[in-house]
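Me: I am new to reading structures, and I would like a close look at one part of this one: how strands come together in it, and what lies around them. Please take me through it slowly, in one connected answer.

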Amino acid sequence: MKDMLKLGGLLLIISVIAATALAAVYKVTKPLILEQKRLVLERALILALPDANKTAIVPVKKDDKVLYYRGYANPDTSKFVGYAFVAYGQGYSSVIETMVGVDSTGKIIGLKVMSQMETPGLGSRIEEVKYGEKTPWFQDQFHNRNAAKLAVDKDGGKIQSITGATISSRALTKSIVAGYKILKKEISRN
């Protein structure tokens with residue numbers, strides 16, 4: 001009985017030390033994680049709205065939640081360039097989070113996958129840059145296409161799906177269509 005109390009007390013001490021260490025690590029890394037997320041968002045907005053001045057991308061909020069962004073060519077928010085929104089699609093093994101930029105007619109002017117944890121070598125190829133290129137080939141297919149009318153080739157569309165990663169290809173494509181529909185509703189409300 002005495003040994004059980006001793007072991008229980010030791011386990012309690014080790015647990016308290018581990019929890020304290022974990023809390024300390026969290027406290028130190030939280031600001032770094034938030035800054036990294038801010039940088040990813042900033043980079044994605046610049047790629048989604050390439051003709052916008054980076055200081056003239058304005059979030060449209062409702063109840064402290066960003067609904068979408070408006071991009072302007074000039075810092076004084078003149079010369080409207082387009083809208084940007086985040087599209088979420090359930091891929092094979094993760095949620096694919098994509099920043100999409102569209103002009104006032106719904107034509108895609110830029111996009112950037114911000115987050116994905118798809119299968120390496122298959123679904124992760126949605127971010128693959130081919131040798132000699134500067135941008136991801138799969139994402140380049142979306143440029144200058146109508147965001148409301150996207151579909152992969154296996155569904156009768158013009159977006160070439162990735163071999164062995166049809167689920168990821170469809171997820172990204174369908175998420176853009178769904179996100180654009182939400183964007184249109186929000187724009188009509190404002």
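Reply: Let's begin with one rule: two strands count as paired if DSSP finds at least two bridges between them. Keep in mind, too, that this is a predicted model.

With that rule in hand, look for the sheet. Five strands form an open sheet, and their order is β1-β2-β3-β4-β5, with antiparallel pairing. The two edge strands are β1, residues 57–62, and β5, residues 108–115, each of which pairs on one side only. From one strand to the next, the twist averages 25 degrees. As general background, the strands of a sheet pair through backbone hydrogen bonds, in either a parallel or an antiparallel way.

Now walk across the sheet, starting at β1. Six bridges join β1 to β2, which covers residues 65–72, and these two strands run antiparallel. Two of the pairs are good to find on screen: valine 58 has arginine 70 in β2 as its bridge partner, and lysine 62 has lysine 65. β1 and β2 make a hairpin with two residues between them.

Stop at the turn of that hairpin for a moment. Aspartate 63 is found there, in the loop between β1 and β2, and its phi is near 55 degrees, a positive value in a residue other than glycine. What makes that worth a second look is a general habit: most residues other than glycine have a negative phi. Aspartate 63 has a relative accessibility of 72%, so it counts as exposed; the cut-off for exposed is over 50%.

Next comes the step from β2 to β3. Four bridges join these two strands, which run antiparallel, and glycine 71 stands opposite glycine 82 in β3. The loop between β2 and β3 holds threonine 77. Threonine 77 is not a glycine, yet its phi is positive, near 55 degrees. With 39% relative accessibility, threonine 77 counts as partly exposed.

At the other side of the sheet, six bridges join β4 to β5, and these strands run antiparallel. Glycine 101 has glycine 110 in β5 as its bridge partner. The hairpin of β4 and β5 has five residues between the strands, and within this hairpin glycine 106 takes a positive phi near 95 degrees.

So much for the strands; now for the helices around them. Helix α1, residues 2–48, packs on the sheet and touches β1, β2, β3, β4 and β5; the direction of α1 makes about 160 degrees with that of β5. The buried residues of α1 are Ala44, Leu45 and Ala48, and they pack against β1, β2, β3, β4 and β5. Along its length, α1 bends by about 35 degrees at threonine 29, with proline 31 following within four residues. You can also check the length of α1: at 1.5 Å a residue its 47 residues should span 69 Å, and its end C-alpha atoms are 66 Å apart, which agrees.

Helix α3, residues 166–189, lies across β2, β3, β4 and β5 and runs at about 130 degrees to β3. Glutamate 186 lies in α3 and, with 13% relative accessibility, counts as buried; the cut-off for buried is under 20%. Setting aside residues up to four places away in sequence, glutamate 186 touches Leu67 and Tyr68.

What lies between these elements? The largest nonpolar core has 27 residues, and those touching the most other members are Phe85, Val100, Val102, Ile108, Phe138, Phe142 and Ile176. Two or more residues each come from β3, β4, β5, α2 (137–140) and α3, and the largest share, six residues, is from α3. Apart from this core lies another, of 11 residues, including Ala48, Leu49, Tyr69 and Val81.

Two residues help you see the packing. Valine 102 has contacts beyond its neighbours within four places in sequence, among them Phe85, Ile108, Tyr180 and Leu183. Isoleucine 96 lies in β4 and, at 0% relative accessibility, counts as buried. Beyond its own sequence neighbours within four places, isoleucine 96 is in contact with residues including Ala87, Tyr88, Val113, Ile126, Ala171 and Leu172. As a last check, find isoleucine 96 and alanine 178: they are 82 residues apart along the chain, and their C-alpha atoms are separated by 13 Å.

Methods: Residues are numbered from 1 along each chain as its sequence is written. This is a predicted model: local features need pLDDT of at least 70, side-chain atom pairs count only at pLDDT 80 or more; totals for chains, interfaces and linings use all residues. Side-chain values use heavy atoms; hydrogens and water are left out. Axes are lines fitted to C-alpha atoms, for helices over the stretch in contact, and angles run from 0 to 180 degrees between N-to-C directions. Contact means heavy atoms within 4.5 Å. Buried means under 20% relative accessible area, exposed over 50%, partly exposed in between (1.4 Å probe, protein chains only). A nonpolar core is a set of buried Ala, Val, Leu, Ile, Met, Phe, Trp, Tyr and Cys residues joined through side-chain atoms within 4.5 Å. The expected span of a helix is 1.5 Å times one less than its number of residues. The bend at a residue is the angle between axes fitted to the seven residues ending there and the seven starting there.
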